[in-house]
Amino acid sequence: MTILVTGGAGFIGANFVLDWLAAGDETVINLDKLTYAGNLQTLASLKDDKRHVFVHGDIGDAELVGRLLEEHKPRAVINFAAESHVDRSIHGPEAFVETNVMGTFRLLEAVRAYWGTLGEEARQGFRFLHVSTDEVYGSLAADEPAFTETHQYQPNSPYSASKAASDHLVRSYHHTYGLPVLTTNCSNNYGPYHFPEKLIPLMIVNALAGKALPVYGDGQQIRDWLYVKDHCSAIRRVLEAGRVGEVYNVGGWNEKPNLDIVQRICTLLDEMRPRVDGKSYSEQVAYVTDRPGHDRRYAIDARKLERELGWKPAETFETGIRKTVEWYLDNQEWVQNVQSGAYRDWVEQNYADRTA
């Protein structure tokens, strides 16, 4: 048996591939475009593992995807491939529309054609699992209940709008063509192998480098934080037993303001890797101009996933953030290797014009 994973060299996708192969022997065909956020070094432990077949390519390349489907006959496709950073979508939205909307469309078309060739038993067992985000639901006020799977879509950034469009396409392919799809909408992930442009790894890397820790606005933007390996276990469970055509929200039950996250990282670094001058890393916190259209609060209600499939996160935020900080301290070579000149240029572009 075989599965096809798209975007399997990115943060969540690579963690999924590593966990999947650690848990069983089913072959993974891993298709990734290797943009700035894709990193084969994350998958270095699989270099000689015949169960892992890496293919450098784009989900928008219908001919390539069709050839992979025909050759490897996967029983499932798990789609992680996406442009996924709000700030980058503000600076350059077209890439997000091309990958997240058109790329998903072309992938769906190739999968639909392949699915149509399968025998009845294989057709019944096949699944297309689309990995999406809570950001499609928009922003919540402080006193509003958390997002459920029936919450109205109200995306507020080019990134979230492009993901919302992809979700709608996936839904339509089930209702129009009968394609057996599943969709998961997750909260903010964190953990090992996270590209250091997102909040948690950026704070760790900047702190250790003696740089400012840029906090947008007042730092009171609230997110629900999900340890990446918990997210991977949820996806495996949905793939195994989720009801075809359904959406499942995946959250960590960890709503926290960004500033609290930054302060907790500083406290852990003070403990694990103290500054040579004896001062706290919290002195490096710098408040900067907020980004345009910054959503104030996200919160995920993951009770459907617990009720129907028996899934709960294994990590609390305290256990997960400690493991994450420890991982970055122990894997400085990985961090240095992903910090290319292009990445440094982008960080400078995004933060240089924000007044302290």
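This is a walk through one protein structure, from its strands to its rings and its empty spaces.

The model is predicted, so local features need pLDDT of at least 70 and side-chain atom pairs count only at pLDDT 80 or more, while totals for chains, interfaces and linings use all residues. Residues are numbered from 1 along each chain as its sequence is written, and side-chain values use heavy atoms, with hydrogens and water left out.

Let us begin with the strands. Here, helices (H or I, at least four residues) and strands (E, at least two) are DSSP runs, numbered from the N terminus. A good place to start is strand β9, which spans residues 222–227 and has five of its six residues buried. Buried means under 20% relative accessible area, exposed means over 50%, and partly exposed is in between, using a 1.4 Å probe and protein chains only. Strand β9 has partners to look for, where two strands pair if DSSP finds at least two bridges between them. With strand β7 (residues 188–190), β9 pairs in the parallel sense over three bridges, and Y190 stands opposite Y227 of β9. With strand β11 (residues 255–257), β9 pairs in the antiparallel sense, again over three bridges. There, P257 in β11 is the bridge partner of I222.

Now move to strand β8, residues 213–216, which is covered on both faces. L213 and V215 are buried on one side, and P214 and Y216 are buried on the other. Strand β8 pairs with strand β12 (residues 285–288) in the parallel sense over four bridges, and Y216 of β8 has V288 of β12 opposite. One more strand deserves a stop: β5, residues 127–133, holds L129. This leucine, L129, counts as buried because its relative accessible area is 0%. L129 and R243 are 114 residues apart in sequence, yet their C-alpha atoms are 11 Å apart in space.

Two loops are worth a glance on the way. K73 sits in the loop between α2 (62–72) and β4 (76–79), and its phi is near 50 degrees, a positive value in a residue other than glycine. K73 is partly exposed because its relative accessible area is 43%. W253, in the loop between β10 (247–250) and β11, also has a positive phi, near 55 degrees. With 45% relative accessibility, W253 counts as partly exposed too.

Next come the aromatic rings. Rings of Phe, Tyr and Trp (its six-membered ring) pair if their centres lie within 6.5 Å; planes under 30 degrees apart count as stacked, over 60 as edge-to-face and the rest as tilted. By this rule there are 16 aromatic pairs. One of them joins W327 and W334, which meet edge-to-face at 5.3 Å centre to centre, with 70 degrees between the planes. W327 counts as buried because its relative accessibility is 13%, and W334 is buried at 5%. Elsewhere, ring pairs link Y137, F147, Y153 and Y298 into a cluster.

Rings can also have a charge over them, which here means that NZ of Lys or CZ of Arg is within 6 Å of the ring centre and within 35 degrees of the ring normal. R112 lies over the face of Y177, 3.9 Å from the ring centre. Likewise, the charged end of R123 sits over the ring of W115, 3.9 Å from its centre.

Finally, the empty spaces. Rolling a probe the size of a water molecule over the atoms shows where empty space is left. On a 1 Å grid over the protein atoms alone, a cavity is a set of points where a 1.4 Å probe fits but cannot get out, and a pocket is an open set with protein on both sides within 12 Å along at least five of seven lines; lining residues have an atom within 4 Å of a point. Grid points are joined across faces, edges and corners, and a volume is the space filled by probe spheres set on the points.

The largest pocket has a volume of about 320 Å³. Of its 18 lining residues, E149, Y153, R171, G245 and V247 are the closest to the centre. Helix α6 (158–177) and strand β6 (181–186) each supply at least two lining residues, and α6 gives the largest share, five residues.

The structure also holds three cavities of 30 Å³ or more. The second largest cavity has a volume of about 50 Å³, and its lining includes V86, E135, H294 and Y298.
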